[in-house]
6 protein chains.
Amino acid sequence: MAQSRFPLTEPDELPADLRERVGEIARRSGFVPNIFRALGHRPAELRAFLDYHDALMNRDGGLSKAERELVVVATSGANHCLYCIVAHGAILRIRSKDPHLADQVAANPWQAPLGERQRAIADLALALARTPERFGDADIARARAAGLTDDEIWDVGAITALFAASNRLAHLAALQPNPEFYPMGRG
Amino acid sequence: MAQSRFPLTEPDELPADLRERVGEIARRSGFVPNIFRALGHRPAELRAFLDYHDALMNRDGGLSKAERELVVVATSGANHCLYCIVAHGAILRIRSKDPHLADQVAANPWQAPLGERQRAIADLALALARTPERFGDADIARARAAGLTDDEIWDVGAITALFAASNRLAHLAALQPNPEFYPMGRG
Amino acid sequence: MAQSRFPLTEPDELPADLRERVGEIARRSGFVPNIFRALGHRPAELRAFLDYHDALMNRDGGLSKAERELVVVATSGANHCLYCIVAHGAILRIRSKDPHLADQVAANPWQAPLGERQRAIADLALALARTPERFGDADIARARAAGLTDDEIWDVGAITALFAASNRLAHLAALQPNPEFYPMGRG
Amino acid sequence: MAQSRFPLTEPDELPADLRERVGEIARRSGFVPNIFRALGHRPAELRAFLDYHDALMNRDGGLSKAERELVVVATSGANHCLYCIVAHGAILRIRSKDPHLADQVAANPWQAPLGERQRAIADLALALARTPERFGDADIARARAAGLTDDEIWDVGAITALFAASNRLAHLAALQPNPEFYPMGRG
Amino acid sequence: MAQSRFPLTEPDELPADLRERVGEIARRSGFVPNIFRALGHRPAELRAFLDYHDALMNRDGGLSKAERELVVVATSGANHCLYCIVAHGAILRIRSKDPHLADQVAANPWQAPLGERQRAIADLALALARTPERFGDADIARARAAGLTDDEIWDVGAITALFAASNRLAHLAALQPNPEFYPMGRG
Amino acid sequence: MAQSRFPLTEPDELPADLRERVGEIARRSGFVPNIFRALGHRPAELRAFLDYHDALMNRDGGLSKAERELVVVATSGANHCLYCIVAHGAILRIRSKDPHLADQVAANPWQAPLGERQRAIADLALALARTPERFGDADIARARAAGLTDDEIWDVGAITALFAASNRLAHLAALQPNPEFYPMGRG
């Protein structure tokens with residue numbers, strides 16, 4: 001089974017800055033996540049993607065790291081994106097220290113059993129993910145009523161937006177998750 | 001009527017590189033497109049967004065400039081994104097030298113009267129835009145049958161992905177188009 | 001590009017009463033709107049269509065002229081009907097003296113920025129336009145809560161109904177708007 | 001249970017021409033179909049509706065009378081319109097001399113067991129009824145391949161359009177069928 | 001027209017217990033309902049189906065017999081299942097002593113005119129029938145607010161579940177109702 | 001977090017035959033799957049459910065055991081049923097000896113990478129699972145073209161039907177999977 005519909009690029013074929021950057025990820029993970037191999041044939045796009053990802057996912061303040069992964073897994077579940085469910089499901093398991101949460105959210109993001117704040121985060125993300133044309137003041141009001149700040153609301157919306165892109169890149173390429181992701185964080 | 005649900009940032013409030021970059025766009029356009037004012041409160045995200053945009057929309061080779069805007073207007077029409085329809089509709093009118101094409105595509109991207117190659121581009125974009133989980137080999141095969149190369153297919157898919165994000169950012173902010181965009185390129 | 005899938009009929013090929021009636025519209029507009037050329041091969045249907053249109057759109061009392069066009073543009077936007085969006089968008093620009101309202105409503109009728117009464121009118125129309133089987137007492141109650149009278153509610157519903165037909169006739173014929181409509185009322 | 005959300009008008013409250021016309025229908029049917037009582041508070045609309053109906057349903061040539069009712073019941077089934085299903089189901093039973101056809105088509109218009117020509121008629125109507133923005137050349141081509149002439153295709157499309165309006169008027173009013181319709185033509 | 005896509009089994013071809021059981025139904029009804037002839041080629045499945053059906057539909061306590069048939073007709077209407085609409089519509093007419101209720105519910109289960117308790121039963125069933133992934137605490141709360149006990153809620157949900165299966169078996173087989181069902185209970 | 005919205009029943013509270021039967025499953029699994037605890041308050045329904053399940057899933061001939069679980073996981077994925085995805089995902093991993101297949105199918109049943117026969121099985125199941133009213137001769141023909149026999153087609157359809165019920169029972173109860181299921185068969 002092919003890992004992508006398009007040619008894969010190994011880190012040592014990348015420009016120096018990306019080779020360094022993806023290499024660092026590979027050292028930490030123990031493998032090169034396939035998304036980087038799949039985007040590598042377009043270095044400028046890979047670089048912008050990494051910058052956007054880091055700006056949202058590694059930013060100080062706002063949502064917790066686990067909450068950001070919750071947004072990713074909820075929207076990827078709603079978009080049926082295998083790569084993002086499996087890769088970010090692994091990260092969510094690690095960040096939340098909960099071995100079941102990612103499977104619960106990916107299987108049914110609308111009804112997964114979550115606390116009130118987490119449910120508000122997931123609902124806000126889902127409202128924007130699938131029928132963005134209906135997203136409106138009522139969605140914002142519900143999020144604020146659950147205690148989300150405007151800064152946190154932007155985090156949820158912007159992460160949802162980035163993974164709307166990321167999910168579609170994975171669907172475009174029929175991207176397969178690295179086998180290492182499946183068992184990660186299952187304890 | 002508010003132009004965004006979140007605070008707007010003027011170019012002179014931006015970090016130097018972005019001030020320069022957005023300033024250059026403003027000089028060419030005659031005004032600061034609201035998307036940059038809306039993203040400016042998060043400079044790292046604005047920078048990555050601009051980089052991703054330029055990597056895909058200004059890249060040498062692949063789709064023509066007008067074809068790239070066709071992808072943007074088709075997917076923004078399907079996503080009912082006012083800002084992107086009006087702003088990129090203006091650009092499409094200019095790039096295609098056709099004063100009606102953008103309105104035709106935005107109103108009904110699935111059935112707008114297009115030539116065979118343009119129809120294949122729009123159909124590929126639409127397949128990925130709204131129900132990405134159904135995107136499959138049959139969509140790729142139809143694009144190839146219409147003569148699209150794999151490089152062009154990636155262009156269509158990646159632009160669709162970027163504007164899946166961009167549309168959602170605009171919906172998140174209830175972003176309004178600058179009034180200057182509406183009449184541009186109408187002859 | 002063909003203007004219709006079916007033969008067009010010029011005013012001087014019509015029965016006398018319709019020739020007179022369509023001629024009067026053409027004199028006022030400066031051109032023969034394509035919908036009349038497209039329906040002309042079936043004079044009895046064209047006559048009934050004109051009668052129904054005039055009964056609803058020119059009636060004394062009830063919704064203002066601009067509000068009636070708002071219903072038309074909102075439902076035509078939801079139905080992705082190019083002809084009706086462009087032709088009635090032009091009329092809405094003229095009636096509302098707002099050069100941007102029609103584009104805003106056509107692009108996203110569900111979330112276009114409108115005053116409370118106009119939003120209630122649009123929401124009532126949209127509820128009936130796309131999933132009429134779910135239309136119920138709650139929709140009526142929301143309209144009344146926004147101050148709409150029963151006579152106005154009927155106006156909204158009946159105009160929505162007429163343009164459910166009109167949109168489908170345009171889709172049946174792949175009807176193209178006259179080029180004159182695109183720039184009208186843009187100031 | 002109310003028969004309509006809006007006031008009903010009895011034939012003797014109608015203008016003379018409509019009193020005559022609805023009276024004639026009542027004499028033939030043995031009762032006043034509720035649609036006429038429901039539209040009667042707006043005589044100009046009722047008159048146009050009757051004219052449009054007669055132009056399409058009583059026209060010489062084109063589809064057979066039973067085929068026209070097939071279009072009505074198929075689209076009314078897809079739109080879940082109780083009044084039109086029951087009233088036109090009765091007429092379809094009579095016109096087709098088949099006591100079960102109307103129930104079969106109303107219950108599942110997409111898969112009701114029909115001959116090839118009838119299936120093509122129903123499919124064409126259904127394509128236009130629910131997602132008119134997707135209606136395209138492929139739908140026309142399938143209808144022609146099944147032997148439908150362009151005149152018959154217009155009949156199917158125009159009847160579908162008229163009942164898109166009619167169904168919505170019935171949903172607007174929560175219109176109830178006269179009890180006489182239910183058992184008619186059941187043998 | 002075939003009554004099923006798969007071979008039919010007559011009662012005397014069934015194992016003794018099923019021959020007896022289906023025979024008893026046939027004696028009471030005056031004919032062998034086609035569902036039993038359609039499932040008979042798999043006796044173990046037919047037996048389990050009958051047991052499940054009887055456990056839910058003939059159970060003491062909980063919903064009334066007419067209310068159980070209301071659930072069946074509402075969900076079968078939403079699922080467009082001809083066999084179940086016609087067969088259980090007949091039973092609902094008999095159980096409710098209302099010759100019109102079944103047609104009203106089958107045509108538009110979401111808006112059929114029902115009393116408050118019946119509406120709550122139908123709404124609960126419909127929430128689970130078509131988009132079960134969205135079914136949640138709010139649906140349960142609405143049912144309880146209308147006075148349904150938890151035991152009655154289970155009845156509604158479990159009957160909806162059984163007929164989710166039953167409808168799909170009928171669609172799988174393109175199962176046709178026995179002609180005897182159509183006029184039953186119409187008075 | 002509650003494991004069900006309704007009271008749970010332990011095996012020793014069940015009638016003797018069910019206590020024996022569920023006990024046997026618990027002995028083989030090492031735990032009592034929650035579905036049996038959730039259905040136990042209605043022993044007749046639990047008994048029929050078990051009989052139906054065994055008739056389809058343990059039957060000799062027809063689909064392989066892994067193929068039957070493929071149908072279950074594909075339809076449960078499409079229905080977003082957490083309990084069935086996790087519980088039957090575990091069984092699919094064991095039956096298929098593939099640690100990733102269940103996650104692939106559950107995440108995106110429409111596009112999971114499968115061999116031709118497995119894809120035909122999944123597509124047939126999915127066609128019936130979500131929009132059964134559109135299921136038709138074309139679906140049957142595609143399955144036959146991929147080599148499925150009518151007996152196998154019935155297996156696919158009947159398992160899809162049973163899990164349409166099973167998924168809805170789990171959604172009704174907000175049923176949580178036993179923690180033991182999550183890591184099973186992951187190697």
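Across the interface of chain B and chain A, 16 residue pairs are in polar contact, both partners having pLDDT 80 or more. Keep in mind as you look around that this is a predicted model. Salt bridges join in too: the count between chain B and chain A is 8.

**What the interface is built from**
- One of the salt bridges brings together the side chains of Arg42(A) and Asp151(B), at 3.0 Å from N to O.
- On the side of chain B that touches chain A, five helices each supply at least two residues: H2 (34–39), H3 (43–57), H7 (116–130), H8 (137–145) and H9 (150–173).
- H9(B) gives the largest share of that side, with 15 residues.
- Sorted by type, the residues of this side of chain B are 23 nonpolar, 6 polar and 12 charged.

**How much is buried**
- Chain B and chain A each bring 41 residues to the contact.
- About 3,900 Å² is buried between the two chains, and carbon and sulfur atoms give 66% of this area.
- Three residues to find on screen are Tyr52(B), Trp154(B) and Arg168(B), which supply 22% of the area that chain B buries against chain A, more than any other three residues.

**How the two copies are related**
- Chain B superposes on chain A after a rotation of 180 degrees with 0.0 Å of shift along the axis (RMSD 0.0 Å).
- The two copies are therefore related as by a two-fold rotation axis.
- Both copies use the same surface, as 100% of the contact residues of chain B recur in chain A.

**Chains that stay apart**
- Chain A and chain D share no contact, and their closest C-alpha atoms lie 17 Å apart.
- Chain C and chain F do not touch either, with their nearest C-alpha atoms 17 Å apart.

**Confidence**
- Chain A has a mean pLDDT of 97.
- For the complex, the predictor gives an ipTM of 0.98 and a pTM of 0.97.

How values were computed:
Residues numbered from 1 in each chain as written. Chains lettered and ligands numbered in written order. Predicted model: local features only at pLDDT ≥ 70, side-chain atom pairs only at ≥ 80, totals over all residues. Heavy atoms only, no water. Contact = heavy atoms within 4.5 Å. Least-squares fit on C-alpha atoms with pLDDT ≥ 70 in both. pLDDT = per-residue confidence, 0-100. Buried area = accessible area lost by both parts, 1.4 Å probe. Salt bridge = Lys/Arg side-chain N within 4 Å of Asp/Glu carboxyl O. Polar contact = N/O pair within 3.5 Å; in protein donor to acceptor, adjacent residues only side chain to side chain. Helix = DSSP H or I, 4+ residues; strand = E, 2+ residues; numbered from the N terminus. Nonpolar A, V, L, I, M, F, W, Y, C, P; charged D, E, K, R; others polar.
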